[in-house]
Structure formats: structure tokens, C-alpha cells
Amino acid sequence: MPRDRKKALATSRVRCRGPWHCAVCSFRHSGALVTCTACKRCGTERRIAEASSAATQETIEQPLTTWIDESPQALTAKASVSHVDAQPPSNGSPLIAQSGDLVVPRAVAVATASDAVAELRCGAAFRIPSAVAGGSESDTQQVGESVVYSEFVWQTPTKRCPHLSREDIQRSVSDANFGRRLCGRNNNRRVAIYDLVAALAKRSPVPKHADVVSKSWFVEGDRFLQQRVNLQPRKLRRSFRCLADVYDYSTVPAGTLIVDFANKKVGGGCFGGGFVQEEQMVAQSTDFAARLHRSREVLAKHQAASYEGVHMDAWWDFEACATKENLDNRCVQHKQSAPLTILAVDAPVMRNRETYGRSELYMLAKKVTLIFAAASTLEAPLIFSGLLGGGAFRNNRPLVLLLHLLLQPCGDERPLWFHHPVFWSFGGVEARELEHHILHFADVLLEDLQRQGVATLGEALELILASALPLSESDGDLAQEPRLCT
């Protein structure tokens with residue numbers, strides 16, 4: 001770049017026009033930091049190509065690599081831009097970057113040049129709406145983008161029992177005192193359930209071969225807030241399915257990611273008191289029970305744990321699940337699954353609170369982020385998820401669904417089955433009607449975010465915080481249609 005042009009860009013200043021990202025370290029400046037003329041994290045001066053008409057015109061004539069060259073750190077990003085061409089294509093449209101079907105119009109690239117660098121730094125491959133690039137009008141509502149989770153999510157084998165062999169599991173399940181070893185001598189009802197499921201597993205004609213591999217997953221720093229949110233309406237997403245029922249694992253493909261609505265200590269009261277979603281999931285799988293008996297992970301606010309190679313052995317229906325500790329053993333059915341991946345994800349405990357604070361809301365967003373990160377990294381063919389923390393922990397149930405919708409990567413074809421059964425009503429409204437409210441209220445919140453032009457997860461969470469959404473105590477989260485602050 002000529003020295004005079006570089007000087008013009010470096011010395012230009014921008015008036016407050018909303019949040020901005022540093023072109024070097026991608027730190028997001030919002031709120032009181034919008035007016036900063038230098039990055040508060042790395043000290044880099046704020047620059048923009050449209051400081052003067054001359055600088056703007058000259059910048060338009062430069063390829064996108066000019067912006068990348070100014071920030072060497074961005075070159076380490078994992079965006080899949082494999083070819084940059086500064087010459088217009090043969091049809092005359094002013095395109096500057098191509099990589100397969102990744103096409104960026106020059107005018108758009110200049111108008112959002114600093115954002116483009118931030119996107120590359122975050123590792124996100126983005127696609128301009130096809131109407132801008134000459135596509136059909138029906139495609140203008142959706143911007144496809146592939147999130148590179150390795151920029152802010154990392155994984156490691158669990159500290160204890162990272163690998164449990166199939167031989168060790170079979171040896172444990174074959175023990176005649178399997179249930180007693182898990183639960184002790186003072187819980188005969190729970191012992192009977194584990195022994196029944198173990199007997200079903202031993203009689204199964206379908207052999208199991210997979211070992212159980214355990215990993216811990218972490219969200220690092222605040223980079224997760226820079227994720228681009230998916231604002232496509234739920235009803236237009238073919239890959240997003242909502243079911244008002246309990247998990248049924250019997251026909252899902254191998255490697256399906258099953259989200260366990262976990263306690264901070266994975267398994268919760270699985271070997272003692274309590275018998276809701278997580279405890280029942282452990283009881284339905286001798287693999288999962290044997291693994292947790294060896295070691296039970298304690299999750300931090302930014303952590304999840306995965307268990308690959310787990311077979312489910314038994315299942316019972318919605319009505320049987322609702323009986324909790326009074327489960328009738330005659331309702332237990334033998335339904336062996338393919339080897340699955342269980343992802344244990346806890347939620348903030350919101351009992352005796354009025355609404356979310358920043359810490360609790362960020363924790364919930366990190367946990368949902370880890371669901372999609374694990375599914376992407378492990379190449380899960382299907383995701384089972386649902387009302388994370390929506391029961392005894394009293395989280396806002398439409399908000400949980402909303403976060404799944406926002407964080408599902410744009411254009412992601414991986415099916416997600418979101419389960420939202422309501423077992424009891426506490427406000428005089430039928431449970432089936434509450435299940436409908438969960439979907440409708442989440443749709444309303446998504447429309448509000450789209451109307452207000454929200455682009456990133458951080459912006460969405462700020463609006464949600466300001467709106468003070470109610471919690472599910474006495475079904476308060478479903479009492480009236482929610483609206484976000486403007």
C-alpha cells in the first residue's frame with residue numbers, strides 16, 4: 001500500500017456509530033467504549049476506510065487482502081478463503097473474493113471492512129446474501145456462515161477415567177450386585193431399577209463393542225460473544241424440530257449427541273435421591289452408570305463433559321417419567337440404542353431469584369454454545385436437546401429455546417430435535433398449552449431481535465438482560481407474551 005494512503009487510513013477517526021471490533025485482536029467495543037479511538041485491549045488505533053472520499057475510493061480498488069495484511073494476527077484465522085482476485089469477473093459485477101461458493105462484493109467488503117477482518121480473525125467463513133451477489137430474492141433473508149469453534153472452545157480428556165474399556169463395563173454389569181454397588185444398601189427401589197436394566201442389557205442379542213471415551217469441553221474468554229446469531233424464523237428451519245415428549249434413543253444413528261440436563265456434579269442424584277431427567281438417563285444406560293460410578297465430573301460455569309460410545313439399554317414413556325421416584329418397573333422397556341455421545345451440560349440455579357444477572361445469562365449461553373461446538377467437532381449426525389435447566393432450576397424456558405435458535409449455525413443441516421415436554425402446570429393452565437407457549441414466546445423474542453437488527457450474541461444478551469425476563473417459578477415465564485426492551 002502506498003505510504004500516503006496508509007497514512008490517510010491510520011490517521012482517520014470515526015464518530016460514534018455503534019459497536020465496533022478491533023481489526024487486530026477482535027475485541028468488541030460497545031456501550032461506553034464505542035467512542036474509544038484506540039482498542040482498550042491492545043492499544044491499536046481505530047481505523048476505517050471511509051474517513052474521506054479519496055481514501056474510500058482508493059480502498060475500493062484494493063483487494064480484501066489489503067485489510068488482512070494490516071493485521072498479521074488475522075492471518076492465523078482459519079477462514080476458508082483460498083483465492084482472492086482483485087479483478088472484476090467477466091459479468092461486470094464488482095466482486096473481489098472467491099472461494100468455491102464464497103463470494104464477497106467489493107462494495108459490501110469496503111462498507112464493512114473492519115467487520116470483515118474481525119470475522120476472519122474469529123475464524124468464521126461468511127457468505128453475502130445471494131441477492132447482493134446476483135442470487136434470488138428468497139435467499140436474501142439468510143446469511144450462511146460456518147463457525148470455527150476452535151477459536152474459543154477447547155477440549156481435553158477428563159482428568160479421571162478418560163477411557164473405559166468395553167471389557168471393564170461388561171465385567172461391572174455382570175456382577176450380580178450391580179445395583180447394590182452403585183446405590184448402597186439403603187435405596188432398595190433404585191437398586192431394583194438398576195438391576196432390572198442390567199438384566200435387560202445382559203439378555204440383549206445385539207453385541208456392544210465401543211469403549212467409553214470421556215472429554216471435558218471449555219469456553220475460553222469472551223470471544224463466544226462475537227458469534228453471529230441466526231435470526232431465521234424457527235418455522236422456516238427444516239433441520240430444527242420441536243417435540244413435546246421425552247427422549248427416545250432407540251432409532252437414532254450412531255454418534256448422535258444426547259444433551260444431558262446435568263447437575264453441576266454429573267449424574268446429580270443418580271445413585272441416591274432425585275429421579276428426574278438426568279437421573280433417569282443414567283438409570284437407562286448401564287454404560288453411563290458404570291462410567292459415573294468410576295468418576296463423576298464437577299462442571300465449572302464454562303464447562304461441559306462428553307461421554308462417547310454410550311449405549312442406552314432401556315426406555316420408559318412420558319407418563320412413566322412423570323412418576324419420578326414412584327416409577328413402576330413394569331413400564332421399563334428394553335430398547336438398546338446404537339453407541340451415542342452423551343454431553344452433560346448444567347444450567348444456572350435460578351431458584352429464589354427474580355431474573356437473570358449477567359453471570360447466569362452468560363453461563364447459560366456458554367453451555368448452549370458447547371452443545372453446538374461438541375456436535376460440530378465430533379461430527380454428530382443428530383442433536384437431542386431441550387429445556388436445559390427448565391425444571392427444578394427455574395430457568396426461563398422460552399429463553400432456553402431462543403438460545404438454541406440463535407446459536408444454531410446459519411445454514412447448518414445437522415438435525416436438532418428440541419424436546420420441550422411440560423409435566424406439570426402450576427398456574428391453572430393446561431400443560432399442553434404451556435408447551436405451545438414455549439414455542440410461541442421464543443418465536444416472539446426472535447422476531448424482536450431481528451427487528452432491532454441484532455447481529456452478535458453479545459448484542460442479543462444485552463437486550464435480554466435489560467428486559468429482565470421472568471423465571472419459571474409458578475410458570476411465570478409463560479404467564480404473558482414477552483417483549484424485549486428497545
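Two strands are said to pair if DSSP finds at least two bridges between them. In this predicted model, strands β17 (residues 383-386) and β18 (residues 416-419) meet that condition, since 4 bridges join them and the two run parallel. Within this pairing, I383 stands opposite L416 in β18. Strand β17 also has β12 as a partner, in the parallel sense and over 2 bridges. There, I258 stands opposite F384 in β17.

The side chains of β17 can be read along the same strand. In a regular strand the side chains alternate between the two faces of the sheet. I383 and S385 point one way from β17, while F384 and G386 point the other way. All of these residues are buried.

A second set of pairings is centred on strand β10, which spans residues 212-219. Strand β8 (residues 153-157) is joined to β10 by 5 bridges, and the two run antiparallel. In this pairing V153 has V219 of β10 as its bridge partner. Strand β9 (residues 163-164) is likewise antiparallel to β10, with 2 bridges between them. Here H163 has V213 of β10 as its bridge partner. Strand β13 (residues 303-310) is joined to β10 by 6 bridges, again in the antiparallel sense. One of the facing pairs places S214 opposite Y307 in β13. Strand β10 is mostly covered, with 7 of its 8 residues buried.

From the strands the description turns to empty space. Rolling a probe the size of a water molecule over the atoms shows where empty space is left. The second largest pocket has a volume of about 1100 Å³. Of the 41 residues that line this pocket, V276, Q277, G391, A392 and F423 are the closest to its centre. Strand β12 (257-262) and the helices α9 (277-283) and α11 (318-322) each supply at least two residues of the lining. Helix α9 gives the most, with 5 residues. Strand β12 thus has a part in two features, because it supplies lining residues to the pocket and pairs with β17. By residue class, the lining divides into 21 nonpolar, 12 polar and 8 charged residues.

Helix α12 (residues 358-377) permits a simple check of geometry. At 1.5 Å a residue, its 20 residues should span 28 Å, and its end C-alpha atoms are 28 Å apart, so the expected and computed values agree. The helix is mostly covered, with 16 of its 20 residues buried. Just after α12, E379 takes a positive phi of about 55°. On the other side of the helix in sequence, P348 is placed in the loop between β16 (340-346) and α12. P348 is buried, because its relative accessible area of 4% is under the 20% limit. The C-alpha atoms of P348 and M363 are separated by 6.8 Å, although these residues are 15 residues apart along the chain.

A further pair spans a longer stretch of sequence. R171 lies in helix α6 (residues 166-173). R171 counts as exposed because its relative accessibility is 55%, over the 50% limit. Its C-alpha atom and that of A290 are separated by 10.0 Å, the two residues being 119 residues apart along the chain.

The cysteines raise the matter of covalent links. A disulfide is a covalent bond between the sulfur atoms of two cysteines. The cut-off applied here requires the sulfur atoms to be within 2.5 Å, and by this rule the count comes to 0 disulfides. For C183, the closest cysteine sulfur is in C270 at 7.8 Å, so the distance is too far for a bond. C183 counts as buried, at 11% relative accessibility. For C331, the closest cysteine sulfur is in C321 at 9.6 Å, which is also too far for a bond. C331 is partly exposed, with a relative accessible area of 30%.

The last points concern the backbone in the segment after α15 (457-467). Most residues other than glycine have a negative phi, and most peptide bonds are trans. A468 has a phi near 50°, a positive value in a residue other than glycine. A468 lies in the segment after α15 and is partly exposed, with a relative accessible area of 41%. D475 is also placed in the segment after α15 and has a positive phi of about 60° although it is not a glycine. At 6% relative accessibility, D475 counts as buried.

Terms used
Residues numbered from 1 in each chain as written. Predicted model: local features only at pLDDT ≥ 70, side-chain atom pairs only at ≥ 80, totals over all residues. Heavy atoms only, no water. Buried < 20%, exposed > 50% of the residue type's maximum accessible area, 1.4 Å probe, protein only. 1 Å grid on protein atoms, 1.4 Å probe; cavity = no way out; pocket = protein on both sides within 12 Å on 5 of 7 lines; lining within 4 Å. Points joined across faces, edges and corners; volume = space filled by probe spheres on them. Nonpolar A, V, L, I, M, F, W, Y, C, P; charged D, E, K, R; others polar. Expected span 1.5 Å × (residues − 1).
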